[in-house]
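Biologist: I am new to this structure and would be grateful for a close look at a single part of it. Please take the place where the two chains meet, and describe it in one connected account.

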Amino acid sequence: MTASYDIIVIGAGLGGLGAAFEASRAGRRVLLLEQHNLPGGFATSFVRGRFEFEPSLHELPDVNSIEEAAGTIRYLVDDAGLDIDFVSIPEAYRVILTENGTNVRMPFGLSQCADLIEKEVPGSRESVTAYLDLCAEVQAAFRALSGGEGPPDYRKIFKEHGNFLRTGSYTAEEVADALNLPAKARDLLYPYWCYLGVPMNRVSFTIWASLLNAYLSAGAVIPKLRSHEISAAFVRGIEDHGGEIRLNTRVEHVLVEDGRIQGVETSLGERITCEALISNASPTLMFNFLIHPSSAIPAAAKKMVNARRHGFSLVVVYLGLDADRHALGLEDYSYFIAPHMDTEKLYQGIYSLESDEIMQASVCLNAANPTCSPNGTTILALTAGYRSEAWEDVRAEDYFRVKTRAADRLIRQFEQATGTDIRSHIEEIEIATPQTFARYTGAYDGIVYGYEPEPWYSVVPRALSMKKETFVRGLYFCGGFSYRCHGYGSSILSGKDAGETAVRDLESGVTT
Amino acid sequence: MKITVRNSLVDMAAFLLHLRTRNGRFRRASSASRETGRINELSSRIHPPVQSFKITSRTEESPTTATFRMTPVEPNGKVAVFRAGQYISVEADIDGICISRPFSIASPPDDSYRENYYDLTVRTKDDGFLAPWVMKNWAVGSIVQTSDPQGYFHYESLRDLDTLVCLAGGSGVTPFRSMIPDLLRNEPDVSIVLLYGVTSPNEVLFREDWPQMVSKYPQRFRFIPVCSEPADDWSGETGFLSVDLIGRYVSTPQGASFFICGPSAMHAFLDSELAKLNLKPRQVRRENFGDGERKRSFPGSLQISVQIEGSDTVLEIPADSAETVLVALERAGLNPPALCRSGECGWCRSRLVDGAVYVPENSDGRRAADLKFGYFHPCSSWPQSNLAIRIPRNPKKY
Ligand SMILES: Cc1cc2nc3c(=O)[nH]c(=O)nc-3n(C[C@H](O)[C@H](O)[C@H](O)COP(=O)(O)OP(=O)(O)OC[C@H]3O[C@@H](n4cnc5c(N)ncnc54)[C@H](O)[C@@H]3O)c2cc1C
Ligand code: FES
């Protein structure tokens, strides 16, 4: 095999898989290099005893039903033609706020949500409906814009998507205030904030609105065989199109000369050249550790990395339980549990390992996927955001004790909020922390949630300045740290975009 | 409906100012390089890609068994942290063939960290390939390469009950020499019975350590050696580890967690014994010592066509239906990646392009999507026909 490729992709996370798929589908000679022994990055699975756990995915939004798929699902199944079976999530979520006694199951569907909130918060219908409609409009505009090529046509955007522009520079909180959204309605609508990881007083409304609408309006799905099914299907697709994958192969150096990508050096001592390089490793890793020689790293690139605020990481307690979910009283798929819905306070709480101001987003897999574990057993995963800073001072020697304590806290919070007994049914338990995510994906400080999308640096400004932010000719980024922000759908589509762009640039000779 | 947040002009202008805000922030930011992340550093203390050790002492435990104490070669190196009961995979180059085998860490974590060492106890009987070589070649001063600590055979306070029944056979007692003192010191609510099956009394390992632990924690620890071929002067328990025997030392097995470590034959026997107790799966943890064994089925000699990722060459290697695919790969000198050798860790995951393999149910750790897309674990798969496979490269350079 040759030591020269058109396109090298670093990292087989969802972004890298999408990029390698598109580039090989376009007929390019593609090499995908992954340091781990599995493809997928966060999108994988692991087996303990009788259970196969889903490590990350709670739900993939952007669907009407599996039959009339849209967005990411349509891309995966119809466009890319990948062999993935999806199952639907039954209802949006249950939100339990222990301080004010909120305990409500939210349905999918915008009008269903407005009905339910009207019941809980009489008189809220008008502002809630206006709010949800606005979110729908913003997502539609966002979709219409993100498909296009070249610089945006502001006149057109202004005419067709005025509200998108008018709200685009504000935080989610500012827009909710402008629409007089009642506090109690916010309690019910804000839980998804934890999927973005930025409190409502700082998060870009554009991003928030798109996410809320993507979930609530159309429902969500998960792959039947955990997200490893998505990754394995991508690998099959890449190979079918003639792309090549090497696992257990870490890129140690990205070689840059005269501001242009030359190739890579790997942990197995290979030197491989390429015309274009797509990185699923973050800009933080690229511009601090990967580019070689380090004198080839532009100062402006480091400034860009340092100007951004890195998002948070997570702690997950994976539980294989030895009883049926109905016997355990687990009637919902998704549980959002917190003392309250003051997102700024919850965000501050996760800087500390001792805080009780934590929110968990927990999933009973069997409620959507009844055959995911043997009869009479249940898979439950409790997830909470944590700033990596909270784990920085943990001594290696104390690590196992500390993570057991963090897990204990989440199990207690779950049991108290739901009135269930989980503890005496634990057959398998695994606890993931920022360290775990750093270990398996090499992510800087184990960060899962990319760069925080505040208004000044949300998707739109990122998209507008994408070209300026690669700094090196022939270099492209994809994945959770790239312009679409983190998340399954964003990572996959950012990979597709990067693959297509690199191929287009190669064809037009821009990269040289 | 037209939305106004502040007023329509400000709202529009704010949008157009986006890029200016961004540019300003970027300009003002520091251009300093980052250090390696603190969490990445923590990770390298828990899961370093390789560990290099120097052997500092060798203690003969029995005619066939020795304990090796090893400390990091690097002057400032520290042993990776671990959970009592975990193993490391030891690598060796024997006549040009790279192989690796898992060995439980036999020292408690606290001691290992304080004095920066691991103890590994190796017995020749259990493994026909690496252990005899180790016994012959490892001496004080030898340099040894190993993996990071691995495996799921460890106590978990959120899952396990306060009464622990530890069932060990032969060298399967080694993880307990780490786990039992660790629990006695750090988990005050836990009490432990160790039932330890040996063929003859002189095979009892760590024979001085157990009585010391008993005298220090008389209320919480009982040590019961069980001899299957006793001499006349043996006054202790005899026979195999059985439900009857367990019943003599554990009043309510239903309220206990069982940790079992030993050779395959012992596991097979205990599986049928424990079935009589109707334990819940959550009460039983197992660690299998030694590669699984199988009788030759089908034609003995088979062929495997192997492609290694990153190379176009296809190699034809011999295989045997009585040996795992992993062993065939190792014999052929292909240095395939492997850690647990019992199907559970997935480290040897490879593509099964063509052919049939047998995978015993109790060591089938394959992911569901891997079954769908044709991947398998060579360490727990026995060839049933000629095979075509593709294996990943071993990430470690030797
Ligand atoms: C617990 C958890 C729950 C989540 N829940 C959801 C959810 O419900 N919905 C949702 O949409 N998103 C969720 N996410 C987020 C989502 O998983 C990620 O945003 C997404 O998977 C990131 O994909 P990525 O393309 O950035 O690749 P990553 O998964 O970050 O993978 C990067 C890959 O690159 C490899 N790599 C890095 N450096 C190198 C190198 N130098 N050489 C070779 N290989 C390299 C890594 O090994 C890795 O495989 C969750 C994440 C976690 C951890
Ligand atoms: S080596 Fe662990 S599964 Fe094969």
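Modeller: Two residues are said to be in contact here when heavy atoms lie within 4.5 Å. The model is a predicted one, and the values that follow are computed from it.

By that rule, Pro434(A), Gln435(A), Ala438(A) and Arg439(A) of helix 17 of chain A touch Ile39(B), Asn40(B), Leu42(B), Ser43(B) and Ile46(B) of helix 2 of chain B. Sorted by class, this helix contact consists of 5 nonpolar, 3 polar and 1 charged residues. Two packed helices are described by the angle between their axes and the distance between the axes. In this case, helix 17 of chain A (residues 434-441) and helix 2 of chain B (residues 38-46) pack at an angle of about 80 degrees, and their axes are 9 Å apart. Angles from 65 to 115 degrees count as roughly perpendicular, so helix 17 of chain A is roughly perpendicular to helix 2 of chain B.

This helix pair belongs to the contact between the two chains, to which chain A contributes 101 residues and chain B contributes 77 residues. The size of an interface is often given as the accessible area lost when the parts come together. Between chain B and chain A about 7800 Å² is buried, with 57% of that area coming from carbon and sulfur atoms. Of the area that chain B buries against chain A, 11% is supplied by Arg34(B), Ile39(B) and Leu158(B), more than by any other three residues. Ile39(B) is also one of the residues of helix 2 of chain B that meet helix 17 of chain A.

Polar and charged pairs also link the chains. There are 39 residue pairs in polar contact between chain B and chain A, with both residues at pLDDT 80 or more. On the side of chain B that touches chain A, the elements giving two or more residues are helix 1 (8-28), helix 2 and helix 10 (368-373). Helix 1 of chain B gives the most, with 13 residues. By class, the residues on this side of chain B comprise 29 nonpolar, 20 polar and 28 charged.

The salt bridges between chain B and chain A number 11. One of them joins the side chains of Glu174(A) and Arg6(B), at 2.8 Å from N to O. The side chains of Lys372(B) and Asp85(A) also form a salt bridge, at 3.8 Å from N to O. Lys372(B) is in helix 10 of chain B, while Asp85(A) is in the loop between helix 2 (71-79) and strand 5 (86-88) of chain A, so this pair joins two chains.

Terms used: Residues numbered from 1 in each chain as written. Chains lettered and ligands numbered in written order. Predicted model: local features only at pLDDT ≥ 70, side-chain atom pairs only at ≥ 80, totals over all residues. Heavy atoms only, no water. Axes fitted to C-alpha atoms, helices over the stretch in contact; angles between N-to-C directions. Helix = DSSP H or I, 4+ residues; strand = E, 2+ residues; numbered from the N terminus. Parallel < 35°, antiparallel > 145°, perpendicular 65-115°, else oblique. Nonpolar A, V, L, I, M, F, W, Y, C, P; charged D, E, K, R; others polar. Buried area = accessible area lost by both parts, 1.4 Å probe. Salt bridge = Lys/Arg side-chain N within 4 Å of Asp/Glu carboxyl O. Polar contact = N/O pair within 3.5 Å; in protein donor to acceptor, adjacent residues only side chain to side chain.
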